[in-house]
Amino acid sequence: MAVTAKQELRVQAGPRPSARRSEFLYFALRNWKFVAGATVVLAMLALALIGPALISTPPLAFTGPTDSPPSSEYWFGTTSFGQDVFAQFVWGLRAAFLVGALGGGIAWVIGAAVGFTAGYRGGLVDDVLNMLTNVVLVIPTIAILIIVAAYLNLHSYAAEAVLIGATSWPWAARAVRAQTFSLKTRDFVDIARLSGRTTRGIITREIAPNMSSYLLMMWILLFGGAILIGASLDFLGLGPATQVSLGQMMNSAYSSSALLLGFWWWFVPPGIGIILIVGGLYVMNVGLDEVFNPKLREL
Amino acid sequence: MLTRKRGGGAAAIAVALLVVIVASIGLSGAGASQRSAFALPRGQTLYMSGNQWSPNNDVNPAKNWDYVTGLVGFNYETAFRYDPMKGTFIPWLATSGKWTDKTTYVMNVRKNVKWTDGKTLTPADVAYSFKLAKIATHPQHPLWTDTGLQGVNAKGNQVIFKFAKSHSYQQFDYYRYMVAIVPQHVFQRWSKTELATANLNLTSGKIVGTGPYMYQSGYGASSETVTWKKNTNWWATKQLGIKVAPTYVVDISNSSNAAALGNFAAGNIDLFNNFAPKSAIRGQTKTYYSKAPWHLSANTVWLFPNTTQKPLNDAVFRRALATSIDISQILDKAYQGLAIKASPTGLLPIWNKYVDGQTVKKYGFSYSTPKAKQLLAAAGYKDTNGDGYVENKDGSAINLKIVCPNGWSDWMTAIQVIQSSAKAAGIHLTVGYPDYGTMADDRGHGRFDLLLGNDRQMSNSPWTYYQYIYQLPLSGNQTTANYERFTDNAAWKEVQQLDKTPTSDKSQYQAQLTVLQKTFLQKLPAIPLWYNGMWAMFNTKYWTNWPSSSQNKYTDVSWRNYWQMTSIDMLTHLKSAGS
Amino acid sequence: MRRYLIRKVAIYALTFWVAVTVDWAIPRFMPGDPVDRLISRMQAQPSSEHALNSYYTNAFGFDVPLWKQYVNFWAALFHGDLGVSIANFPTPVWDLIRGALPYTLALLVPAIVLAFWAGNKVGAMAARRKALDNTVLPVGYLLTATPQMWLGMLLVFVFATTLAWLPVSGAYDLSLQPAWTLEFARSFLQHWILPFLALFLVAFGGWAIGMRNMIIYELEADYSNYLAALGAPTKLVRKYAYRNALLPQITGLALALGSVVAGAIVVEIVFSYPGLGTLILNSIENRDYFVLQGVFLFLIVGVLIANLIIDIAYVFIDPRTRIGMEGGA
């Protein structure tokens with residue numbers, strides 16, 4: 001759920017001195033939250049990257065016995081159609097990372113671009129962009145996503161990610177705008193401006209680096225949010241139908257009555273997968289927060 | 001701390017209040033159109049599901065794709081019923097009917113049948129009901145345009161149907177058990193548009209029928225259940241000595257198979273007519289057959305090729321494709337043995353007696369990868385570029401897309417099997433799952449390569465199947481028949497000839513069917529795959545003596561248009577498990 | 001203050017216009033003809049197809065130019081007319097929404113309010129209290145990372161299928177009709193618990209984490225240290241911290257509404273709960289665009305109104321807003 005995402009960054013408004021790299025690493029590796037979160041996420045990522053190569057069974061092929069519980073041959077059991085749940089799981093992880101990285105990435109880019117521009121330029125540009133942000137922010141984007149996805153018959157997770165990215169940026173834009181507002185009156189920005197730097201140069205060279213920790217955490221939260229939104233869409237049967245994702249696994253388990261017939265191995269893994277990735281990201285984020293903001297470190 | 005405590009308490013109270021208010025809005029909102037409620041006596045109530053179109057807000061008997069389940073069959077009845085297992089018509093609101101000459105059909109209307117408002121059913125009501133289909137937007141309008149029917153009149157105790165010289169038998173037979181007989185004195189207040197397309201929302205007392213059950217409660221936009229109560233004055237009790245066993249019947253319209261199955265597993269549903277996986281048949285659950293395929297066959301699933309484009313316009317290619325499909329793997333993976341392979345003719349098991357063994361032997365097809373390869377090679381489809389797939393005769397690549405609606409998991413599985421077995425024979429297919437609406441739209445407009453269809457249910461005549469395959473002329477949007485856009489004027493003439501042949505003229509009827517089977521198998525405009533089941537699972541906790549292959553051989557589904565076959569006999573034969 | 005409100009209302013008006021226009025435009029510019037689809041579903045025979053086609057084209061108002069359809073759409077909207085369902089022709093869309101709305105509200109409102117209240121309390125308690133924090137933090141993060149539909153499925157599997165303590169699906173027992181009886185109320189509550197929990201727990205996790213983190217910020221703020229240095233009791237310091245931390249949480253509530261609605265949609269589907277979510281799924285399956293349009297319009301308006309209420313409330317809760325917002329920051 002994206003609630004926390006919006007929450008956490010909201011609090012961190014107000015720039016803080018950027019940590020030096022070595023210092024960052026030192027504290028990061030000593031922060032159990034960051035280490036634990038990052039470990040889980042990286043483990044999942046490794047499984048997503050290597051898994052499909054190790055499992056020769058195509059995720060949708062009907063090769064196995066039907067409704068078989070986990071065994072040494074089928075680690076996560078099989079579906080009612082004789083598909084290998086583990087094969088679906090690793091391919092599903094891959095789709096989740098794709099949607100998260102791309103969807104979160106697109107939202108991040110749009111959010112940052114709108115936020116910087118509005119915050120730095122101010123005036124009419126800000127008014128227009130701010131209006132746009134507020135409009136998209138208030139509309140329940142799931143409504144738009146469902147209706148558009150229902151019409152478009154998405155053919156790839158990349159397309160799904162684009163749709164998600166295009167609708168989940170507003171809170172990020174708002175946050176970046178607020179940060180930029182407070183940074184642009186600082187001396188070093190004034191100096192840069194006086195020395196004749198272009199707007200773009202000032203934003204990318206002066207302002208953005210000073211909130212890099214902030215931008216990094218924003219990306220992590222958008223990443224997790226995009227995975228959850230994508231899972232909902234796939235669960236509704238609106239994702240690409242010829243491919244496997246964690247949400248689509250839940251959809252097919254649910255519609256095949258797996259939870260009534262006791263085939264728990266079919267729908268439990270995809271949920272765990274999502275929780276591990278998204279939960280890992282969030283915990284990692286809170287760890288990062290403590291790293292960047294020494295006041296928050298555990299007493 | 002004090003403030004916080006007080007604040008918390010206030011919030012909790014506010015929340016509690018909110019819950020109550022919200023819940024009560026829920027009750028009053030949803031309950032507004034309902035009668036006062038009481039729990040129905042479980043032992044006297046039959047719960048059934050199978051209607052997946054919610055909500056239950058249509059009580060117009062003309063709209064036979066979305067009226068509330070039981071509206072026709074429970075409330076409104078038909079002149080005849082049809083027993084598909086025996087292949088005979090059962091006199092119902094008509095006591096008999098016959099052709100008195102080549103152009104006149106006479107129906108004798110049953111006497112002493114009362115509408116539930118106390119009035120007597122008259123031949124004029126019957127004539128009126130058949131005349132309703134004259135309205136151009138009425139779903140049964142083809143009765144007046146395609147059968148040669150020219151006039152319907154009540155005379156004495158009879159209803160007389162006048163036909164043109166050349167007229168239909170098969171199609172007219174179909175309407176004999178499909179037209180709901182409605183009370184003219186109630187229906188005459190509505191306009192033509194309303195009669196054909198409106199929901200005819202009425203208060204319960206105004207739904208006036210002749211059948212074994214009376215509407216009790218439940219229709220409305222938000223309703224999930226419709227309750228029917230036994231009509232103790234049903235004419236058949238006095239005249240035929242039969243009565244329906246359950247005092248109440250509740251039809252549940254579920255939004256998903258899974259939710260319905262949950263209720264069935266919990267013992268809340270007695271008659272389950274949704275699709276459920278094989279593993280759901282366990283414990284006290286009974287089905288029509290006690291072993292595979294467990295269910296009766298309700299309709300044929302066809303593979304429709306778009307015959308307007310190459311290579312699917314080539315009968316040899318279609319035959320090779322048909323030969324390449326490993327149907328038993330589909331039955332195994334998608335249905336776990338719940339369905340059976342279709343006859344190469346596509347005709348349902350109830351029409352087995354019409355299948356001409358010689359013709360099938362000579363022109364039929366069966367799964368064989370080598371045979372498929374051989375057919376392709378002989379016709380000049382060769383793999384010229386060595387990618388493992390054959391090319392068109394002119395050397396261009398073949399890549400056909402096979403589609404079925406997204407979410408139809410059994411069919412999605414099936415087309416993947418088709419894809420892989422076609423691959424073994426060297427035919428390149430890709431699969432796609434558009435949503436149903438898009439698929440139907442593309443199907444109608446001929447924008448597809450290959451797709452699955454099973455629109456025709458069992459009926460009184462194979463004519464309904466041949467019309468489905470051959471119907472001409474083609475229009476811009478083929479909404480119901482000839483999806484494959486196959487123009488075979490000679491075959492269509494044969495189909496029309498079949499329509500004009502009475503079933504009673506046995507030799508002529510069989511001869512006509514044999515000709516059509518041969519024509520069909522030679523060209524194979526559509527490929528019959530398997531029979532979709534008449535999905536039915538019975539809970540024996542409250543009701544016993546369900547239909548089965550050894551006794552009570554009746555249709556065992558609550559689906560629309562099956563009550564006027566023999567599903568109603570299922571209810572008259574049920575026994576309470578308590579007694 | 002006034003300028004702030006005018007500005008807000010202007011934004012909402014604009015949002016409403018954009019939302020309605022998008023909502024109107026999507027079905028009309030996407031591929032596929034709803035009338036053709038309806039007729040396909042009716043299995044209309046060719047001889048009646050033409051008459052049906054022109055009848056339904058007219059009935060749905062597709063036989064006038066686009067700009068006029070747009071004007072008609074707005075005109076109808078102001079009469080509270082959301083059009084007619086395609087799949088359930090000619091049931092008005094509004095009737096379908098009215099039937100489903102109470103169920104969605106009965107799930108959504110308690111879930112939002114209770115989760116917000118309980119989440120904030122627990123989060124505040126956990127902050128800077130090691131033992132509690134060590135459970136609240138990981139549990140909170142796991143909950144907030146859980147997809148609601150999956151939690152719902154798990155709850156069904158454990159409490160309905162396996163233990164058979166609670167019903168699998170629906171909003172009340174099949175043998176009942178909605179009415180003011182104790183029996184119905186009991187059945188309603190039994191069916192309500194699991195879907196409510198699925199929504200509540202996920203949201204609860206989010207608020208708890210949010211509050212926990214924010215309290216820590218507040219406790220580290222200068223004023224807290226100052227208060228503590230003056231020898232104020234910890235309770236008092238925490239009270240001030242809680243009050244200040246609550247403000248951004250309330251703003252967050254407005255922003256969260258959209259995603260809570262999304263959660264309700266998928267949870268209702270898992271439980272076949274007869275609310276708007278199930279209505280949406282049915283409409284997607286039937287490609288009943290007018291119902292989809294109507295429901296979404298309804299959701300959008302609902303979220304807008306909730307936002308407006310929170311915005312106005314905020315002004316009264318936090319006097320700083322008036323100055324801050326007028327400053328344009």
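This section describes a sheet in chain B, a helix pair in chain A and the contact between the two chains, all taken from a predicted model.

In chain B, four strands form an open sheet in the order S5-S6-S8-S7, and their pairing is antiparallel. The edges of this sheet are occupied by S5(B), residues 94–101, and S7(B), residues 149–155; each has a single partner strand, so one side of each is left without a neighbour in the sheet. From one strand to the next, the twist averages 20°.

At one edge, S5(B) runs antiparallel to S6(B), to which 6 bridges join it. The connection between S5(B) and S6(B) is a hairpin through 2 residues. Within this pair, Val106(B) of S6(B) stands opposite Lys98(B). At the other edge, S7(B) is joined by 6 bridges to S8(B), residues 158–163, and these two strands also run antiparallel. Here Gly151(B) has Lys162(B), in S8(B), as its bridge partner. Helix H3(B), residues 123–131, lies across S6(B), S7(B) and S8(B), and its direction is at about 160° to that of S7(B).

In chain A, helix H4(A), spanning residues 85–121, packs with helix H14(A), spanning residues 264–292; the angle is about 30° and the axes are 10 Å apart. Because angles under 35 degrees count as roughly parallel, H4(A) is described as roughly parallel to H14(A). The crossing of H4(A) past H14(A) is right-handed. From H4(A), the residues that meet the partner helix are Val85(A), Phe89(A), Gly92(A), Leu93(A) and Ala96(A). On the side of H14(A), they are Trp265(A), Trp266(A), Pro269(A), Pro270(A), Gly273(A), Ile274(A) and Ile277(A). Classified by residue type, this contact of H4(A) with H14(A) contains 10 nonpolar and 2 polar residues, with no charged residues.

Between the chains, 18 residues of chain A are in contact with 25 residues of chain B. On the side of chain B that touches chain A, at least two residues each are supplied by helix H9(B) (257–265), helix H11(B) (327–335), helix H14(B) (409–424) and strand S18(B) (429–432). H9(B) provides the largest share of this side, with 5 residues. By class, the residues of chain B on this side comprise 11 nonpolar, 12 polar and 2 charged.

Methods:
Residues numbered from 1 in each chain as written. Chains lettered and ligands numbered in written order. Predicted model: local features only at pLDDT ≥ 70, side-chain atom pairs only at ≥ 80, totals over all residues. Pairing = 2+ DSSP bridges. Axes fitted to C-alpha atoms, helices over the stretch in contact; angles between N-to-C directions. Contact = placed C-beta atoms within 7 Å. Parallel < 35°, antiparallel > 145°, perpendicular 65-115°, else oblique. Left-handed = near helix turned anticlockwise from the far one by under 90°. Nonpolar A, V, L, I, M, F, W, Y, C, P; charged D, E, K, R; others polar.
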